[in-house]
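Work through these exercises with the sequence and the model open. Each task is followed by a solution in steps.

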Amino acid sequence: MSFNKFVVTLISLVSNNKRMKQIISLSKKSFFMGLFLMFMIGVHYDSTAAIYFQDDLQKTSFKQYKGEVLDKDSRKPLVFATLSLEGTNISTISNTEGEFALKIPTNISEGNVLISFLGYKTRTIPLTDLTNGNNKIFMEVSALELTEVNLTIPKDAGNLVRETLKKKGDNYFDDPTLMTAFYRETIKKRRKNISLSEAVVNIYKTPYNSDRKDAVKLYKARKSTDYSKLDTVALKLQGGPFNALFVDIMKYPEYIFTEASLDNYDFSFDRSTRVNNKLLYVVSFKQRAGIQEPLYQGKLFIDADRKILTSAIYTLNITDKEKAARLFVRKKPAKASVWPTEVAYRVDYREKDGKWYYGYSNVLLEFKVDWDKKLFNSVYSMTCEMAVTDWEKNIDGTTPKYKDRMRSSIILNDEAVGFADPDFWGEYNIIEPEKSIESAIKKIQRQLRRSKNQGGTSAP
């Protein structure tokens, strides 16, 4: 059984729709978690990148609080820290530079903002203490006494993981839930952004003890692709938000841990930690010696008391370059070699009224394209991330009609259109863009304004 979550396909530019359908059909057969990159040779400008959005959503007024989450001692940014308004389902995530933007409806004037990060003491800050400017939030490392850890760690890490997976029906949402989530995917050539897509989606989350898949409905989306940085290659990512959604290990354990595959791993205890005054076991895992198929290695953060997976960070073993390439590359130009150099995942869960749910995940794929007769190879990286920013119980189990659902084969870059006004996302909490993405968006907006003033369209 293959456990890869990405499928990379390199193809020549196809104008024949029948041929494209054949390629997409091929990808579905090997589609494991939804990730599918297409490399197209000789791509022309996509004029939809210059289309303007008009936000027809009637916005609710809100107040925005911006700032940074930092380590108290080193002053280094804390990446993917969670900020939530106590007693509500409103939350957001800090970006790769520790920056955040939290939007609170104006009818909420009081309350506490909870800031949590793995291995750090959770902070509680009154909403009235925050300004709408540059809030700097410093977090302290949570230290554990060795005697406390030694007295509580169970003997078998593998059995702890098995018990945790079996308890998902007890510890995670057991009601249908409607979630609002922000999704972003980027493709870079070395350090330069070449493609950026963002979306607000509705996730119709089924109970964790149900085998039914989650349904996703697209609410808003926008994108831009700068083909000038791609030379002769353009990349598209198939799967969209499903790529991040399927990293929810507790809902979709079959993508990493099945009852049979658990025996292919060695589990051991690492340094324990505390989050929200709760002891967390840190379980390291890696594939056993002698297992030939590339599997995963990483860390699981498990609540010691209730056996709950609160976070997981892991990577794919790509030591064998040829085997890793066979996992991802299904079709490519004859004069190019492609192989992944890093494949990494992260998932975080949140707790509400004693039940846990999927809160955030991200995926990173870095790979090289080595062309014959070219002195230098091309290095690309793809990242996608999704954060649940609000949710409510969906007791009657309402789901969108099949025609309105996003397909797991969706290419978001084809569905979305160009970047427009900065207020596009309205009251929705989003992941604050990193500086490189923010500057790319501003550049796109300037070019779109120039294009509009000239009465035409031009490539971003």
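**Exercise 1. The fold in numbers**

How many helices and strands make up the secondary structure of the protein? Then describe burial, contacts and surface.

*Solution.*
Step 1. Keep in mind that this is a predicted model. Its secondary structure comes to eight helices and 22 strands.
Step 2. Turn to burial. Of the 460 residues, 55% are buried.
Step 3. Take contacts between residues at least 6 apart in sequence. Of these, 70% join residues at least 24 apart.
Step 4. Finish with the surface. The protein exposes about 21300 Å², and carbon and sulfur atoms supply 48% of that area.

**Exercise 2. The largest pocket**

Find the largest pocket and say which elements line it.

*Solution.*
Step 1. Recall the principle. Rolling a probe the size of a water molecule over the atoms shows where empty space is left.
Step 2. Read the volume. The largest pocket holds about 690 Å³ of space.
Step 3. List the lining. It has 35 residues, and S84, S116, N276, R350 and E351 lie nearest the pocket centre.
Step 4. Assign elements. Two or more lining residues come from each of strand 4 (82–85), strand 7 (112–116), strand 16 (278–287), strand 18 (308–316), strand 20 (336–352) and strand 21 (355–371). Strand 20 gives the largest share, six residues.
Step 5. Sort by character. The lining divides into 14 nonpolar, twelve polar and nine charged residues.

**Exercise 3. Salt bridges across the sequence**

Count the salt bridges, then trace three of them: which parts of the chain does each pair link?

*Solution.*
Step 1. Start from the general point. Side chains of opposite charge can pair when their charged atoms come close. With a cut-off of 4 Å from nitrogen to carboxyl oxygen, the count is 16 salt bridges.
Step 2. Take K136 and E68. Their side chains meet at 2.5 Å, N to O. K136 sits in strand 9 (residues 134–139) and E68 in strand 3 (residues 62–71), 68 residues apart, so the pair links distant parts of the chain. K136 is partly exposed at 43% relative accessibility, whereas E68 is buried at 17%.
Step 3. Take R162 and D263. Their closest N and O atoms are 2.8 Å apart. R162 lies in helix 3 (residues 157–166), and D263 lies in the loop between helix 5 (241–245) and strand 14 (265–269). The pair therefore ties together parts that are 101 residues apart in sequence. D263 is partly exposed, with a relative accessible area of 47%.
Step 4. Take K205 and D248. The closest N and O atoms are 2.8 Å apart. K205 belongs to strand 11 (residues 192–205), and D248 to the loop between helix 5 and strand 14, 43 residues away in sequence. Both K205 and D248 are buried.
Step 5. Look for shared partners. R184, E198, R222 and E385 are joined into one network by salt bridges that share partners.

**Exercise 4. Helix 3 and its cover**

Is helix 3 mostly covered or mostly uncovered? Identify what its buried residues pack against.

*Solution.*
Step 1. Count the buried positions. Seven of the ten residues of helix 3 are buried, so by the 20% cut-off the helix is mostly covered.
Step 2. Name them. They are A157, G158, L160, V161, R162, T164 and L165.
Step 3. Find the neighbours. The buried residues pack against helix 4 (168–171), strand 14, strand 16, strand 17 (296–303) and strand 18.
Step 4. Check one position. G158 has a relative accessible area of 8%, which makes it buried. The C-alpha atoms of G158 and Y265 are separated by 8.5 Å, though the two are 107 residues apart along the chain.

**Exercise 5. A buried lysine**

Where does K223 lie, and is it buried or exposed?

*Solution.*
Step 1. Place K223 in strand 12 (residues 215–225).
Step 2. Read its accessibility. At 1%, K223 counts as buried.
Step 3. Add a partner in space. K223 and S195 are 28 residues apart in sequence and 7.5 Å apart, C-alpha to C-alpha.

**Exercise 6. Positive phi**

What is phi of R75 and of K307? Compare their settings.

*Solution.*
Step 1. Recall the background. Most residues other than glycine have a negative phi, and most peptide bonds are trans.
Step 2. Read the angles. Phi is near 65 degrees for R75 and near 60 degrees for K307.
Step 3. Locate both. R75 is in the loop between strand 3 and strand 4; K307 is in the loop between strand 17 and strand 18.
Step 4. Contrast the cover. R75 is partly exposed at 48% relative accessibility, whereas K307 is buried at 16%.

Methods:
Residues are numbered from 1 along each chain as its sequence is written. This is a predicted model: local features need pLDDT of at least 70, side-chain atom pairs count only at pLDDT 80 or more; totals for chains, interfaces and linings use all residues. Side-chain values use heavy atoms; hydrogens and water are left out. Helices (H or I, at least four residues) and strands (E, at least two) are DSSP runs, numbered from the N terminus. Buried means under 20% relative accessible area, exposed over 50%, partly exposed in between (1.4 Å probe, protein chains only). Contact means heavy atoms within 4.5 Å. Accessible areas come from the Shrake-Rupley method with a 1.4 Å probe; for residues, only the protein chains shown count as cover. On a 1 Å grid over the protein atoms alone, a cavity is a set of points where a 1.4 Å probe fits but cannot get out, and a pocket is an open set with protein on both sides within 12 Å along at least five of seven lines; lining residues have an atom within 4 Å of a point. Grid points are joined across faces, edges and corners, and a volume is the space filled by probe spheres set on the points. Ala, Val, Leu, Ile, Met, Phe, Trp, Tyr, Cys and Pro count as nonpolar, Asp, Glu, Lys and Arg as charged, and the others, Gly among them, as polar.
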